[in-house]
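Grab a pencil and work through these exercises with the structure open beside you. Try each task yourself before you read its solution.

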Amino acid sequence: MSHILLRHRDIPDLHKMAVYKKNGGFVAFKNAVTKMKPNEVTDVVKNSGLRGRGGAGFPTGMKWSFIDNKGWPHYVVANADESEPGTFKDREIMENNPLQFLEGLAISSYAVGAAVAYIYLRGESWQVAALLDEKIAEMEEAGYLGENLFGNDYSLKIHTHLGAGAYICGEETALLESLEGRRGQPRVRPPFPPSVGLYGKPTIINNVETFTNVPMIMANGADWYKRMGTADSTGVKIFSLSGRVRKPGNYELPFGTTFRQLIYEHGGGILDGRPVKAIMPAGASSSLIVVDDKVLDTPMDYASVRTLGSELGSASVIVIDDTVSVAWIINKTVHFFKHESCGKCTPCREGTYWMQNITKRIRSGEGTEDDVDLLLNVAKQMQGKCLCALGEFSTMAVVTGIERFPQDFKKAVKV
Amino acid sequence: MSLVKKHPKEVKQILSKYPPEHKRSAVMPLLYLAQRGEGFVNKAAMQEIAQILEITETEVASIVGFYTLYHDEKAGKYRMQVCTDLPCALRGADEFLQNLCGNLGIKVGETTADGLVTLEAVTCLAGCDKAPVFQTQGPDGIKYHENMTVDKTLELIEALKEVKE
């Protein structure tokens, strides 16, 4: 099957304006602006069943329809802060198929009536931002951005904005704070960004991969898109496969592909032919899944992964084999969240600090059985009490690791 | 020299991205601009940015302190930032970093005697399928180096020695 998002793998030089145009580029945007009303664009996206690819899986068209038409101006923001350990899909899109992403951003901006859109990139993506700036300039020159597009009264500007190394800025309200020139600390919600967003104005925020779907949906129709994937999770998804597999990388596959197909058919199986011990399907934020045949044959869609006591999230599948101790894994994940906690709310700031101390002790062989109980206790006390999802995420691998892999902690502690 | 005098075009271009009444948004790109020469943001630059954006110097300093890619102290000409998060660690990132330390004769956080490289361990760089991976943060911006070995890294360091301003 040819790619829908990673089309550069099928079409050489797709990042070039001439090649992108030759392959249908900007027809969907022109059609939308010249032949459709904004809400008609939203309806097509709604009917396609497209869900947000950043991790939460919220229906995209529905989000757009929440934009508050009493407050103006409207803004659109692309969340390109990709920082979840195990996720590396947006970078491949922006580096190789940037025009499709930008066209999707432009169509979305038209649909919600935004005349300015920002792309918030993680600071490490310095080179990607430079490339996007180049592409934005080419679009301005070609008449796809600027004033009165296609002779219509719609105008649009797109700007890039670099973050500076803070995972929390992938949380959409922390992202807005950062874009406004403040420390990236989450806001209390509600109100949600479609009512009160950037500069207090109605704002739609979507992930890079979500936007990149939009031109193809507009060009081929909602029904075409819905034919791929499952009823609950339509279309295709880029699965970022990492960890102890032979061929780590991005794989664009329909929702409903099984873990076994991803790991063995596409990923070439496990290093040294070892058995799979655990899977983290949503990066470091995941609950750990104990792997057996039933798990391997589970389709990867939002609903099915939930039945395994985990979440699909951004589909960053980290594969762990039987040479790896779960006590070591949770020290790694907790270290990450402790480093990235923004410090605004106490349960997360203090909880991640203490979890780091205890997991370090256990990992180094200095921990006791009481430490394992204490760790579980701290993690459970954090749950449901943090201001944003980061604190909650930091506990997922800890709690499921201890509960689902007790033998690893027996081995790790002093008796 | 002041930012505005040194980079007049860039400062103007950065400010044009944001609504004039929300020019505070320009703090992050201005900090990158200020950091470009010396590899860290000095006090005078923070004062100037505060002045341009009509916010306090403390607010600017709080941004520098919050985000890991801004620095307020001088380090090596290049910061070599190795990812040691879970997916990379599952593919040998910790051993890679340890071997690199051994070869360079420095610990994580230290700078080589010639002042060229400061070695750091950082969180996820979104290069999990190409571990070991690190970025160099230096006068030429931020660059990725993927599928690295110690030998390839030592070669890179030799090449960095040759780079002129």
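**Exercise 1: Chain B at a glance**

In chain B, 57% of the contacts between residues at least 6 apart in sequence join residues at least 24 apart. Keep in mind that you're looking at a predicted model.

Task: Work out how many helices and strands chain B has, and in what order its elements run.

Solution:
- Step 1. Start with the count: chain B has 8 helices and 4 strands.
- Step 2. Now walk along from the N terminus, and you'll read α-α-α-α-α-β-α-α-β-β-β-α.
- Step 3. Check the overall extent: the C-alpha trace of chain B spans about 50 × 30 × 25 Å along its principal axes.
- Step 4. Finish with burial: chain B has 165 residues, and 53% of them count as buried.

**Exercise 2: Two domains of chain A**

Task: Describe how domain 1 of chain A and domain 3 of chain A meet.

Solution:
- Step 1. Find the pieces. The domain assignment splits chain A into domain 1 (7–226), domain 2 (236–321) and domain 3 (326–412).
- Step 2. Get the distance: the C-alpha centres of domain 1 and domain 3 of chain A lie 35 Å apart.
- Step 3. Look at who touches whom. On the domain 1 side 11 residues make contact with 10 residues of domain 3 of chain A.
- Step 4. Put an area on it. Together, domain 1 and domain 3 of chain A bury about 870 Å², with 73% of that on carbon and sulfur atoms.
- Step 5. Ask who gives up the most on the domain 1 side: Tyr167(A), Gln185(A) and Pro186(A) do, and they make up 56% of what that side buries.
- Step 6. Sort the residues of domain 1 that touch domain 3 of chain A, and you get 6 nonpolar, 3 polar and 2 charged.
- Step 7. Count the pairings: there are 0 salt bridges between domain 1 and domain 3 of chain A, and 3 residue pairs are in polar contact.

**Exercise 3: One valine**

Task: Decide whether Val214(A) is buried or exposed, then list what it touches.

Solution:
- Step 1. Locate Val214(A): this residue sits in helix H9 of chain A, residues 208–220.
- Step 2. Use the cut-off. Buried means under 20% relative accessible area, and Val214(A) is at 0% relative accessibility, so this valine counts as buried.
- Step 3. List the neighbours. Leaving out residues up to four places away in sequence, Val214(A) touches Leu50(A), Trp64(A), Gly104(A), Ile107(A) and Ser108(A).
- Step 4. Compare sequence with space: Val214(A) and Thr60(A) are 154 residues apart in sequence, yet 10.0 Å apart in space, C-alpha to C-alpha.

Technical notes: Residues are numbered from 1 along each chain as its sequence is written. Chains are lettered from A and ligands numbered from 1 in the order in which they are written. This is a predicted model: local features need pLDDT of at least 70, side-chain atom pairs count only at pLDDT 80 or more; totals for chains, interfaces and linings use all residues. Side-chain values use heavy atoms; hydrogens and water are left out. Domain bounds come from an automatic or database domain assignment. Contact means heavy atoms within 4.5 Å. Buried area is the accessible area (1.4 Å probe) that two parts lose on being put together, summed over both. A salt bridge is a side-chain nitrogen of Lys or Arg within 4 Å of a carboxyl oxygen of Asp or Glu. A polar contact is a pair of N or O atoms within 3.5 Å; within protein, one must be able to donate a hydrogen and the other to accept it, and residues adjacent in sequence count only if both atoms are side-chain atoms. Ala, Val, Leu, Ile, Met, Phe, Trp, Tyr, Cys and Pro count as nonpolar, Asp, Glu, Lys and Arg as charged, and the others, Gly among them, as polar. Helices (H or I, at least four residues) and strands (E, at least two) are DSSP runs, numbered from the N terminus. Buried means under 20% relative accessible area, exposed over 50%, partly exposed in between (1.4 Å probe, protein chains only).
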